[in-house]
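Open the model in your viewer and show side chains. The tour below goes stop by stop.

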Amino acid sequence: MSKADKLFVSMCQEILENGFSSEGQKVRARWEDGTPAHTIKTFGVVNRYDLQDEFPALTLRPTAIRSAVDEMLWIWQKKSNNIRDLNSHIWDEWADENGSIGKAYGYQLGVRYKFPHGEMDQVDNVIWQLKNTPYSRRIMTNIYNFGDLMEMGLEPCAYSMTFNVTGDRLNAILNQRSQDILAANNWNVVQYAVLVHMLAQVTGFRPGQLVHVISDAHIYDRHVDIIKELISRPQYPAPKFSLNPDITDFYDFTVDDIRIDDYQKNPQIKNIPIAI
């Protein structure tokens with residue numbers, strides 16, 4: 001059975017059984033009808049995925065893997081902050097009339113800085129270091145730029161990546177300040193699992209572990225019954241994942257270069273209410 005499913009079920013059970021409720025507190029998020037969107041949360045969740053062992057897509061329900069990867073490439077490869085460069089509509093709520101989400105996400109990864117080995121952006125610096133100084137303990141990105149927060153359509157949720165090489169394996173830690181577990185958990189896990197696979201391939205490593213650290217892991221009040229039904233579903237083996245082996249440059253990858261086989265999964269959950 002999928003280990004990603006088991007981690008997800010365990011995390012949800014912990015939140016539901018032992019989490020802290022925001023009922024009675026003042027909260028920022030609202031439902032579309034204006035009602036305060038309360039949550040049950042756990043602080044400091046850490047989930048570890050061994051990418052040599054399996055590809056961590058849930059089978060409890062389908063994860064839209066191609067759409068998730070498209071968004072990841074929009075941020076990490078295109079370094080875009082305009083939803084017109086994105087094939088899904090998940091960012092529509094946070095974009096202005098021109099399609100911009102401000103100085104957020106891809107914009108931050110595209111900013112160039114002076115490094116000891118030349119002027120480049122954060123993504124190119126990661127790739128350079130993995131190729132030239134792979135055992136450095138300083139291979140990381142951070143898009144939570146306090147100087148630009150007032151010009152962001154949404155302050156970054158998944159805000160930093162730290163890369164670390166052990167032997168021939170590329171490992172990474174994804175830090176996330178906040179996560180809507182039902183709507184976004186496996187979406188983010190799949191995105192950054194694919195990113196590790198891609199970076200490993202173009203820098204000469206094998207994908208290793210992805211550690212996902214979530215500061216505020218929460219389930220919204222209107223998601224509780226959905227989550228309870230979801231985690232009671234049967235679990236299946238993880239799908240098989242592969243990349244086009246001919247790609248040697250990170251900037252050449254497209255969603256067509258990923259392949260998912262034997263993805264057995266439960267039915268999709270539709271019309272999930274989203275708090276904004």
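**Stop one: a buried ring pair**

Select W76 and F163: both are buried. This is a predicted model, so treat each stop as a reading of computed coordinates. Now look at the two rings. Their centres lie 6.4 Å apart and their planes meet at 85°, so W76 and F163 form an edge-to-face pair. Next, colour by secondary structure. W76 belongs to helix α2 (residues 65–76), while F163 sits in strand β6 (residues 158–166). The pair links distant parts of the chain, with the two positions 87 residues apart in sequence.

**Stop two: W91 and Y105**

Move on to W91 and Y105. How are these two rings arranged? Their centres are 4.9 Å apart and their planes stand at 70°, so this pair is edge-to-face. W91 and Y105 both lie in the loop between α2 and α3 (106–110), so the contact ties together parts 14 residues apart in sequence. Check the surroundings: W91 is buried, as is Y105.

Add W74 and W94 to the selection. Ring pairs join W74, W91, W94 and Y105 into a cluster. Across the whole structure there are eleven aromatic pairs.

**Stop three: helix α1**

Select residues 3–18, which make up helix α1. The helix has 16 residues and runs 22 Å from first C-alpha to last, close to the 22 Å expected at 1.5 Å a residue. Go to its N-terminal end. S2 caps it, with a side-chain oxygen 3.2 Å from the backbone nitrogen of A4.

Which residues of α1 are buried? They are A4, D5, F8, V9, M11, C12 and I15. Turn the view to look down the axis. The buried residues of α1 fall within an arc of 165°, so they line one face of the helix. Rotate to the other side of α1, where E17 and N18 are exposed.

Now show what packs over the buried residues of α1. The cover includes β2 (39–50), α5 (181–203), β8 (206–220) and α6 (224–230).

**Stop four: two cysteines**

Stay on α1 and pick C12, one of its buried residues. Its relative accessibility is 0%, and buried means under 20%, so C12 counts as buried. How many disulfides does the structure hold? It holds zero. For C12, the nearest cysteine sulfur is that of C157, 17 Å away. Finish on C157: this residue is in no disulfide either, and its nearest cysteine sulfur is that of C12.

How values were computed: Residues are numbered from 1 along each chain as its sequence is written. This is a predicted model: local features need pLDDT of at least 70, side-chain atom pairs count only at pLDDT 80 or more; totals for chains, interfaces and linings use all residues. Side-chain values use heavy atoms; hydrogens and water are left out. Rings of Phe, Tyr and Trp (its six-membered ring) pair if their centres lie within 6.5 Å; planes under 30 degrees apart count as stacked, over 60 as edge-to-face and the rest as tilted. Helices (H or I, at least four residues) and strands (E, at least two) are DSSP runs, numbered from the N terminus. Buried means under 20% relative accessible area, exposed over 50%, partly exposed in between (1.4 Å probe, protein chains only). The expected span of a helix is 1.5 Å times one less than its number of residues. The arc is that of the directions from the helix axis to the C-beta atoms. Contact means heavy atoms within 4.5 Å. A polar contact is a pair of N or O atoms within 3.5 Å; within protein, one must be able to donate a hydrogen and the other to accept it, and residues adjacent in sequence count only if both atoms are side-chain atoms. A disulfide is a pair of cysteine sulfur atoms within 2.5 Å.
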